[in-house]
Amino acid sequence: MLTAIQIKNFKCFQSEDFTLAPLTLLSGLNSTGKSSVLQSLLLLRQSYKDGGNIRLNGDLIELGQALDVFAVDAKDDYMEFQLCSAEGKRLIWTNHFDVSKEHLTSTNQLPGIQQLALFNDNFHYISADRWGPRVSVPLSDFDVDHNNLGKYGEYAIHYLIEHGGQHLKNAGIGLLNEAAGVTLLPQIQAWLNDISPGVKIDPKEFKTVNAGTIGFSFPSEVGFSRPFRPTHVGFGLSYTLPVIVALLSLPKGGLVILENPEAHLHPRGQSLMGKLMAHVAAAGTQVIVETHSDHLLNGIRIAVREGLLTPEQTALHYFARKGGAIEVSTPKIDADGKIDQWPDGFFDESIRNLAALTARRRERHIGSV
């Protein structure tokens with residue numbers, strides 16, 4: 001499990017250290033560096049098969065040229081990343097930026113790197129621009145065999161077809177529905193049911209055209225309705241499915257990176273997503289998530305209060321701009337689910353809006369007296 005990442009001269013960061021916990025939440029205003037932290041991790045995974053040489057453009061991310069990623073205000077010519085793990089491993093990537101050639105030269109030797117989930121098959125990344133409702137999705141035996149759901153979640157349905165009947169790889173994950181058993185597909189359906197009560201999923205494959213699909217059925221007066229195409233049901237189900245598959249399909253020691261998992265979910269579903277992440281992290285699968293959802297955060301806080309997760313198993317990083325610089329705050333959750341500090345802008349918009357509405361009512365009341 002990763003415990004920290006240090007980033008130097010990458011994009012908006014001159015030098016910044018981030019603690020990584022079993023459940024790490026990155027939040028903040030737009031264009032303040034949240035995605036750059038995730039991109040650092042994805043960049044290292046994308047690069048390791050090339051002997052550690054930094055590969056800016058690949059299957060996970062496309063970052064352009066060296067000049068696009070090297071920090072504008074860098075004080076030297078080196079872009080560096082350091083990873084620390086719970087096992088005491090420290091990995092360092094050093095890359096020299098040649099100003100004249102606008103080129104990065106890597107000098108990295110990283111023995112034993114594949115022991116970390118970031119660099120092996122016990123890893124999932126689901127991006128913010130994952131696929132929404134589609135009539136069909138591709139099949140890929142290679143990707144499914146290597147535990148790859150695709151960054152858009154495009155292989156999640158194929159993964160369910162092949163592995164839906166298998167036991168959860170992480171036996172420590174709390175089961176939402178004990179009666180559903182310990183296999184993957186019923187537990188995914190159980191979590192989806194809390195988002196859309198009663199929904200039933202039916203993944204199917206059509207090998208002759210190398211495509212898969214999924215049907216969504218709902219309770220009716222005579223049992224269940226016929227299966228509906230993904231394009232005929234709410235966006236939230238299609239956007240959420242690969243996220244839930246990613247969270248429930250890895251073993252203890254795995255790593256899931258998620259961008260905006262709350263997309264197209266109503267507030268209750270967002271809170272439930274936070275609770276699911278807490279279950280997964282407590283069982284030993286690391287989760288690193290970028291989010292704009294106070295409901296997701298509150299779901300995590302409630303999970304801590306209920307004892308599903310300890311405060312030490314969480315890390316919150318809030319990103320903001322102060323002048324021209326990026327400022328990172330690290331609020332902490334206590335055992336009661338309370339947060340010790342609320343930086344300006346840290347999930348406080350609801351409070352601000354309520355205060356404004358209350359003040360307006362008060363003004364009208366005073367004016368009518």
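Helices and strands are named here as DSSP runs, numbered from the N terminus. With these names in hand, the largest pocket of this predicted model makes a good place to start: strand E7 gives four residues to its lining, the largest share.

The space in this largest pocket comes to about 650 Å³. Its lining counts 27 residues, and those nearest the centre are Arg45, Lys49, Asp59, Leu60 and Asn148. Helix H1 (34-48), E7 and helix H3 (141-145) each supply at least two residues of this lining. Sorted by class, the lining holds 10 nonpolar, eight polar and nine charged residues.

The second largest pocket has about 300 Å³ of space. It is lined by 15 residues, with Lys11, Cys12, Phe13, Gln14 and Asp73 closest to its centre. Two or more lining residues come from strand E2 (13-19), and likewise from E16. The largest share here, four residues, belongs to E2. In this lining, seven residues are nonpolar, three are polar and five are charged.

Both E7 and E16, met above as contributors to pocket linings, reappear in an open sheet of six strands. The order of this sheet is E7-E13-E14-E3-E15-E16, and its pairing is mixed. Strand E7 (123-126) and strand E16 (325-329) are the edge strands, each of them pairing on one side only. From one strand to the next, the twist averages 15°. Within the sheet, strand E3 (residues 23-28) and strand E14 (residues 286-290) run parallel and are joined by four bridges. Across this pair, Leu25 stands opposite Val289 in E14.

Strands of a sheet pair through backbone hydrogen bonds, in either a parallel or an antiparallel sense. The antiparallel sense is seen around strand E1 (residues 2-10), which pairs over six bridges with strand E4 (residues 78-85). In that pairing, Ala4 faces Cys84 of E4. E1 also pairs with E2 in the antiparallel sense, again over six bridges, and here Gln6 stands opposite Asp17 in E2.

The link between E1 and E2 brings the account back to the second largest pocket. These two strands form a hairpin with two residues between them, and Lys11, in the turn, has a positive phi of about 55°. Lys11 is also one of the residues closest to the centre of the second largest pocket, while E2, on the other side of the turn, supplies four residues of that pocket's lining.

How values were computed:
Residues are numbered from 1 along each chain as its sequence is written. This is a predicted model: local features need pLDDT of at least 70, side-chain atom pairs count only at pLDDT 80 or more; totals for chains, interfaces and linings use all residues. Side-chain values use heavy atoms; hydrogens and water are left out. Two strands pair if DSSP finds at least two bridges between them. Axes are lines fitted to C-alpha atoms, for helices over the stretch in contact, and angles run from 0 to 180 degrees between N-to-C directions. On a 1 Å grid over the protein atoms alone, a cavity is a set of points where a 1.4 Å probe fits but cannot get out, and a pocket is an open set with protein on both sides within 12 Å along at least five of seven lines; lining residues have an atom within 4 Å of a point. Grid points are joined across faces, edges and corners, and a volume is the space filled by probe spheres set on the points. Ala, Val, Leu, Ile, Met, Phe, Trp, Tyr, Cys and Pro count as nonpolar, Asp, Glu, Lys and Arg as charged, and the others, Gly among them, as polar.
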